[in-house]
Structures are given as structure tokens and as C-alpha cells.
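Got the viewer open? Load the model and follow along, stop by stop.

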Amino acid sequence: MKAAVITGLRSRILSLERHASRRDPSSQPDDAGTSSRRWSWELGCPSFDELLPRGLETNSVHEIKGTPSALGGASAGDWMAAIGFAARLAVRRLDALSEMRAPDAASRGAPPRAARPWVLWCWPKALAGEFGAPSAAGLAHLGLDPSRLLIIETARASEALNALEESLKASSLAVVIGVLNEIELTPARRLSLAAGETATPCLLITHPSSEPVGATATRWRVARMPSAEHRFDPRAPGAARVSATLERCRARPASAAWPSLLLEWCDETRRFGLASGVADLPSQTRGTASGTVAATVRTC
Amino acid sequence: MAITAVNGAAARAGIEPGTALSDARAAHPTLVSRAAEPENDRIALLKLARWAGRYGPNRHVDGGDGLWIDITGVAHLFGGEENLLDDVTRRLSSFGVAVQAGLADTLGAAHGLARFGCPPNAAWSLAPADRTREAIGSLPVEALRLDAPRVLLLKRLGLRRIGQLYDIPRDSLARRFRSSDIAAAVLVRLDQMLGLADEPRRPMQPPPVLSVARAFAEPLISSEALEGIAAELAAELAAALAAKDLGARTVRLTFYRADGTAGTATAAMSTPCREAAHMMALLKEKFAGIDAGFGIDLLRLDAVRVAKRNAMQNGFAEPASTLGGDPAALVDRLANRFGSDAITMLRPRGSHIPERAETRRPAIETLTAASSSRLAYAPPWPYPKGPPRPAFVLARPEPIEVIAEVPDGPPARFIWRRVERRVARAEGPERIAPEWWRTLYLDEDQKRPRPRDYYRVEDHDGAAYWVFRHGLYGGEEESAPPSWFVHGLFA
């Protein structure tokens with residue numbers, strides 16, 4: 001009896017939290033399948049996706065941080081690990097959108113315009129000087145379309161937050177990526193509300209040693225790992241590997257352990273896969289073809 | 001030291017501009033004099049010229065002491081040319097400026113009438129349309145806007161009035177002067193005054209394509225009133241644009257204050273727009289910086305740049321844009337708030353050198369090009385699908401110190417930004433040769449660009465860099481040894 005009441009309450013809370021965006025009139029789901037894909041997307045790796053009860057929600061902010069080095073600073077490599085993870089999550093989101101649109105288009109008749117989704121990148125000038133500018137060829141290699149990317153560089157971090165909020169409120173972007181040094185609770189809440197209004201996900205990358213903020217739906221801690229083995233050349237770097245720890249997930253109970261897995265990005269299928277094995281230690285890459293333990297990527 | 005300007009009392013006492021100060025002081029010991037500030041005078045004149053835009057967008061400073069305003073098509077708004085002249089002179093005198101005005105068919109004639117043609121007690125003089133020739137006949141030859149030696153020459157020949165020039169046939173005029181340029185100059189100025197030759201003149205700002213204005217009897221002070229009237233003007237401008245099937249790319253709101261100053265607020269749009277709500281939303285952000293001063297008594301909204309609207313564009317007023325929709329409205333808002341250079345898009349350039357292969361252009365200009373294609377399918381970016389490229393490219397490659405395994409191979413250790421990194425794996429080289437067409441005509445001693453061998457290296461922590469070696473080992477004799485740089489970071 002009590003269990004039934006609790007289950008009923010849980011499902012009601014879930015349906016309330018998955019609130020429809022107030023401004024999108026097409027939010028009435030016509031069938032359960034497409035609506036569920038509209039509100040969340042996944043990493044593509046089922047054993048990790050099980051840990052996210054509702055997938056990566058589109059109506060909220062997700063924070064991604066690198067691993068700080070011993071002195072509390074962050075090197076370019078730490079930032080790059082977080083930025084790369086965020087970029088790949090954005091690629092997954094675009095793929096999920098195009099999958100969602102394809103069956104709709106087939107059933108209803110394709111719209112006259114090829115609607116390619118837009119991605120927005122926003123950071124203050126100070127960070128822009130550290131890493132240089134996004135390069136179209138490199139982003140295309142990752143899987144983003146450089147002709148559908150808007151880059152915002154603002155003079156101050158407060159203006160970057162303002163720009164992020166404005167772009168979340170405009171419902172014409174598929175995903176918004178922001179790179180900031182730190183973010184406080186109130187701005188994070190505002191971004192969260194804005195993302196919820198229009199069901200546009202916001203991926204925030206912050207300094208590895210900055211204080212984590214509690215208004216995000218998920219928080220990831222990533223560290224770049226030595227890459228997988230290249231198929232043809234043992235001396236060349238292979239597929240990118242990242243060790244991702246889910247530090248906070250709003251949908252999971254707070255007492256759950258922090259799962260940490262080693263993920264590998266596959267360029268062809270544009271998904272994350274689970275990399276296991278202890279092979280590809282740096283010492284084994286000096287051309288000694290024999291004795292190399294191949295890593296098996298479990299395509300699960 | 002010479003006197004540059006005198007007031008009415010001094011003029012009546014017989015002091016003229018150009019007299020030496022010491023002579024004038026000797027004649028009138030009670031003379032009061034102040035240092036002339038030509039720079040401040042010029043700035044004040046420019047401010048007045050800006051204010052004079054309320055009478056028409058075509059206006060500018062004329063010489064050092066006057067303004068010219070082109071009132072073609074404006075006079076009826078003021079109830080006739082005479083009323084317009086009354087209005088101008090009354091307002092200028094209320095600012096404390098002594099003014100004389102002239103109105104004629106041509107700029108030259110108006111210039112002459114203003115300076116030499118005003119009756120003693122009137123503030124202005126008007127030459128009726130098509131009666132310019134008679135009107136300027138009685139003006140002195142100084143009105144021809146020639147320099148002093150030429151005027152002197154004309155006077156020596158006995159020509160003191162412009163009317164005397166009419167009767168002389170042109171070639172005999174040329175014969176009287178020693179050189180033909182002087183004759184040509186005189187004739188050119190005369191033709192300009194009579195309207196037989198064109199006079200090039202540059203207005204202060206390029207004239208707008210469409211313009212709507214509203215004047216107030218009571219100057220506006222509150223910002224709510226300003227917003228309300230601006231919204232009405234935006235609706236009028238939108239209707240005017242729609243009637244011509246155009247959209248505005250830049251709109252400018254100009255406000256003229258009651259004390260003779262003016263200010264503007266400009267908004268730029270990425271796609272031609274004729275929705276009043278969107279224009280108001282962009283202009284509203286600039287209202288905070290507007291200071292009404294003593295009150296605004298004329299508001300004008302101009303469409304400065306217009307373009308034909310593509311029939312396939314979505315309106316901005318639609319509340320629900322799909323996920324594949326245009327972010328044009330967002331780009332407009334952000335670009336007007338942070339500056340048009342803050343929000344950019346990547347565009348390709350015709351070069352294979354990595355730092356020159358792409359450029360970032362302001363999104364407000366490139367958005368129309370990118371998304372208003374008539375084809376349903378636009379081909380993607382023309383990037384080469386070749387070896388992997390870094391996601392971030394440094395604007396300037398940073399030099400690194402390298403210990404390489406073999407001279408022609410990838411580095412084994414390198415120091416970048418003062419941290420030593422040990423390379424675990426490397427891929428390469430990819431040779432990017434300099435553009436051969438830039439080396440064709442170099443001299444012997446000029447530096448030639450050298451080929452670069454790019455390597456994708458990964459260090460023991462997993463971070464990946466894009467490094468290159470600039471130059472080759474064992475290349476030409478006596479050339480500098482090759483140097484290594486980091487050019488990008490892989491994400």
C-alpha cells in the first residue's frame with residue numbers, strides 16, 4: 001500500500017520535473033518514442049547510459065571539468081580533455097536530433113529546407129588567448145559542422161554569461177557550449193531555467209579547480225588517457241580515450257557511488273565505447289610489435 | 001596678432017576683422033579681446049551641422065563659418081520655404097548664434113546670398129526658383145568663392161558685380177587673364193552658381209534610403225515617452241519598407257535636442273528585416289545611453305542600409321522557431337549588444353597554410369550568405385578530408401625546444417610553455433609546403449618561407465599536440481637550422 005503510494009508519487013514527480021518547455025508549441029508529444037529522445041540524449045555506450053536514469057537531459061546545464069594537476073592549476077591538456085568531451089557530447093546530441101528528425105520527416109513529408117542544427121560556442125577573450133581559435137578542419141574532424149557554428153568571444157566573463165543566457169532563451173540552437181573560469185550558483189540557476197524554457201542543453205566547461213556548483217543536472221570530471229592503439233601503425237596515436245567520472249547526477253540518489261569509466265571515442269560510428277584492458281602502456285609503443293597486448297574495445 | 005572676429009558694437013565702431021590688435025587697441029583703448037580658439041569653433045560648428053540634420057540628411061559644414069543644408073523635398077514639411085528659413089534662423093538665434101541664411105537653387109548661389117545678399121534688417125534672403133540669375137546679379141564678386149588674388153584681379157579689371165560677368169563673352173574673358181586657369185576657375189564658379197555645372201559635395205552622413213520623423217511641440221524628457229514614440233516610428237518605417245518590398249539591414253534613430261545638440265542610436269541586422277518589434281527590441285538596448293538633456297524635440301528613424309528580402313525567410317515574429325531555424329534574431333541581439341566582432345563564424349580562405357586557411361568573419365554579415373541559399377541542400381564546408389587536424393589552432397605558432405629522436409623524425413621530448421613533455425606516440429610527417437607563388441620574385445637575401453613537417457604527437461598523459469618543424473635538416477648550406485613550433489591542440 002505504502003509502496004504503491006510511493007511509486008505513484010515518484011512517477012508524478014518525474015513527470016513534473018520533465019516539464020514541457022513553455023514556449024515550444026510542438027512540445028505535445030505525439031508518440032512516446034520521439035518525445036523521449038527530444039528530452040535527453042545518450043553517450044552511446046549502454047553500460048554508462050544505464051547509470052544515467054534519464055539520459056543527458058536537454059532542458060538543463062551539464063558541467064564538465066578537467067582533472068586539476070598537483071598544484072591546483074590546469075594545463076592546456078586538462079582543458080582540452082574537458083573541451084573534447086563536451087564537443088563529443090555535442091556531436092552525440094546532433095546525431096540524436098537528426099535521428100529524431102529522420103523518421104518524422106519520412107512520415108510527415110520533409111520540410112522544404114534542409115534544417116541543419118546550429119551550435120554556439122561562447123567564451124571570454126582571456127581563455128581564447130590560451131588555446132587559440134577553434135579551427136574548422138579540426139571541428140569537422142570531430143564531427144561538428146563548421147558552417148553551423150557561431151563563436152562568441154566576450155570581453156568579460158559576465159558578458160559571456162549574459163550571452164549564454166540569451167542564446168539559451170532563443171530556441172533556435174541545438175546545443176550551447178560555454179567555457180568559463182568559474183560560475184556561481186545564481187548564474188548557474190539562471191542558465192538552468194533558461195535551458196529548461198526552451199529545451200536547449202547547455203554544456204559548461206569550467207576550470208578544474210573551481211568550486212563545483214549545485215545547479216547542474218550532471219557534473220563530469222574527465223581526464224585524458226593515453227589513446228588506443230592505432231590499427232596500422234603501432235607508433236601513432238589512435239582513438240581518443242578519456243576517463244570520465246560522473247560526480248553528480250540530479251536523477252540519481254546522492255549516496256550512490258561515483259562511477260568512473262574509461263571511454264573511447266570511435267570516429268566512424270561517433271559513439272563512446274568502453275575501453276578495457278591494460279595494454280597500450282607507453283613503454284610498449286616503441287615499435288615492439290610482439291608482446292603488445294591489444295586492448296579490446298567491448299562494443300556492448 | 002590680428003583680429004579674427006568682432007561683435008556688433010565693435011563693427012559699428014569701425015573695427016574690421018584683419019586689423020592688427022595693437023592698432024585697434026590704439027584707436028579704442030577700451031577694447032576687450034580674447035584668444036581665438038579655432039579648434040573649439042570648428043567642433044561647435046560640427047555640432048551645429050549635426051543638429052541641422054533635422055532639416056534634411058544632406059548637410060555639412062561650409063567653410064569655417066557656415067553650414068549648407070540640402071532641403072530638396074523638405075520644405076513642405078515646414079509649411080513653405082520662407083517658414084523653413086524663419087524656423088532655422090529663429091532657432092539658431094535662440095542658441096545665441098548670429099545667423100544669416102540664403103536659399104537658392106544651387107549651393108553656390110545660396111552661399112553668396114547668405115553672405116552678401118541679406119538685406120540689413122532681415123536674417124535671410126531667398127532666390128525664387130528659376131530666378132537665380134537675377135537674384136545673384138547684384139552680388140559682389142567675392143561671392144564667387146575664389147581666393148583673394150583672383151578676386152583682386154577681377155576688381156582690377158573693373159568687374160565688381162557678378163552681373164557684369166554675364167555680358168562678357170566667355171572667350172574674351174579668358175583673353176583678359178594672363179593664364180587660362182584663372183579664367184577657367186572663374187567660369188566654373190559662375191556655372192556652379194547658375195546651375196550649369198554640377199558641384200560635388202559630400203554630406204556628413206550617407207543619406208538614408210527611407211526616413212520617418214516626428215516633431216514635438218513639447219520636448220520629450222521621459223524615457224517611456226521616448227520608447228512609445230520610437231515604437232510608432234518603427235511601425236511606420238516597417239510599413240514603408242513593406243510597401244517597397246525591402247528589408248532594412250541598418251536602422252538609425254536620431255534625436256535632436258532642444259538646445260542644439262543631437263545624438264544617434266544605431267542597430268544592425270543580419271538579415272533584411274521589416275518587423276517593427278525586432279527593430280524596437282534592438283534599439284531599446286541602446287536607450288539606456290541616451291541623455292535627453294533639455295528635452296528631445298525631433299525624433300527621426302532612418303533605414304540606412306536596405307536590401308531585398310528573400311521570400312523564403314521566416315519572420316522574426318514567429319514565437320516558435322524550430323530547432324533547425326535561423327538564429328538570425330539571436331545574432332542580431334548579441335551583435336548589437338557586444339559589438340559586431342564579438343560573434344563570428346568561420347569562413348574558408350584560399351590557402352593551404354593552416355593559419356591562413358580559415359578566417360572568422362562577423363556573423364552579422366555572413367549569416368545571410370550562409371543560410372539564404374535557394375537550394376534545399378547547400379554543400380558543406382570545403383575542408384580537405386585528409387589527415388586529422390587539431391580542434392584548436394594557435395594564432396601564432398609558439399616555439400618549443402626539442403630533443404628529437406632522429407633529425408628527420410618526430411621529437412622525443414619538448415619544452416612548451418616552460419613545461420617539459422615527453423612524447424609517447426607520434427604520427428607524421430605531413431609536409432605543408434609554402435605557397436610557391438610567394439617565392440617567385442624574392443631576392444637572394446630575402447627570407448624564403450620554408451616547408452613545414454607536421455607531426456601529431458601525444459605525450460604520456462594523453463594530451464595531443466600538433467607540432468611542426470620549420471625547415472629541413474641538411475637543407476641548403478648556410479641556412480639557419482630548422483626550428484620547431486607548436487601550432488595546435490587536439491581535443
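Why is strand 7 (residues 262-273) of chain B largely enclosed by the rest of the structure? Select it and look: 9 of its 12 residues are buried, so the surroundings largely enclose it. Buried here means under 20% relative accessible area, exposed over 50%, and partly exposed in between (1.4 Å probe, protein chains only). Helices (H or I, at least four residues) and strands (E, at least two) are DSSP runs, numbered from the N terminus.

Before moving on, some housekeeping: this is a predicted model, where local features need pLDDT of at least 70, side-chain atom pairs count only at pLDDT 80 or more, and totals for chains, interfaces and linings use all residues. Residues are numbered from 1 along each chain as its sequence is written, chains are lettered from A and ligands numbered from 1 in the order in which they are written, and side-chain values use heavy atoms, leaving out hydrogens and water.

**The hairpin**

Now add strand 6 (residues 246-257) of chain B, which runs antiparallel to strand 7 of chain B and is joined to it by 8 bridges; DSSP must find at least two bridges for strands to pair. T254(B) sits opposite T264(B). Between the two strands are 4 residues, and G260(B) has a positive phi near 95 degrees.

Next, show D245(B) and R274(B), a salt bridge with its closest N and O atoms 3.6 Å apart. A salt bridge is a side-chain nitrogen of Lys or Arg within 4 Å of a carboxyl oxygen of Asp or Glu. D245(B) is in the loop between helix 11 (223-243) and strand 6 of chain B, and R274(B) in the loop between strand 7 and helix 12 (276-284) of chain B, so the pair ties together parts 29 residues apart in sequence.

**Helix 10**

Jump to residues 180-194 of chain B. The 15 residues of helix 10 should span 21 Å at 1.5 Å a residue (times one less than the number of residues), and the end C-alpha atoms are indeed 21 Å apart. Just after helix 10 of chain B comes G195(B), with a positive phi near 90 degrees.

**Across to chain A**

Colour by chain: chain B and chain A bury about 5,400 Å² between them, 57% of it on carbon and sulfur atoms. That area is what two parts lose in accessible area (1.4 Å probe) on being put together, summed over both. The interface has 3 salt bridges. Pick R333(B) and E166(A), at 2.9 Å between the closest N and O atoms. Then try R360(B) and E153(A), at 3.0 Å, N to O. R360(B) is partly exposed at 29% relative accessibility, while E153(A) is buried at 13%.
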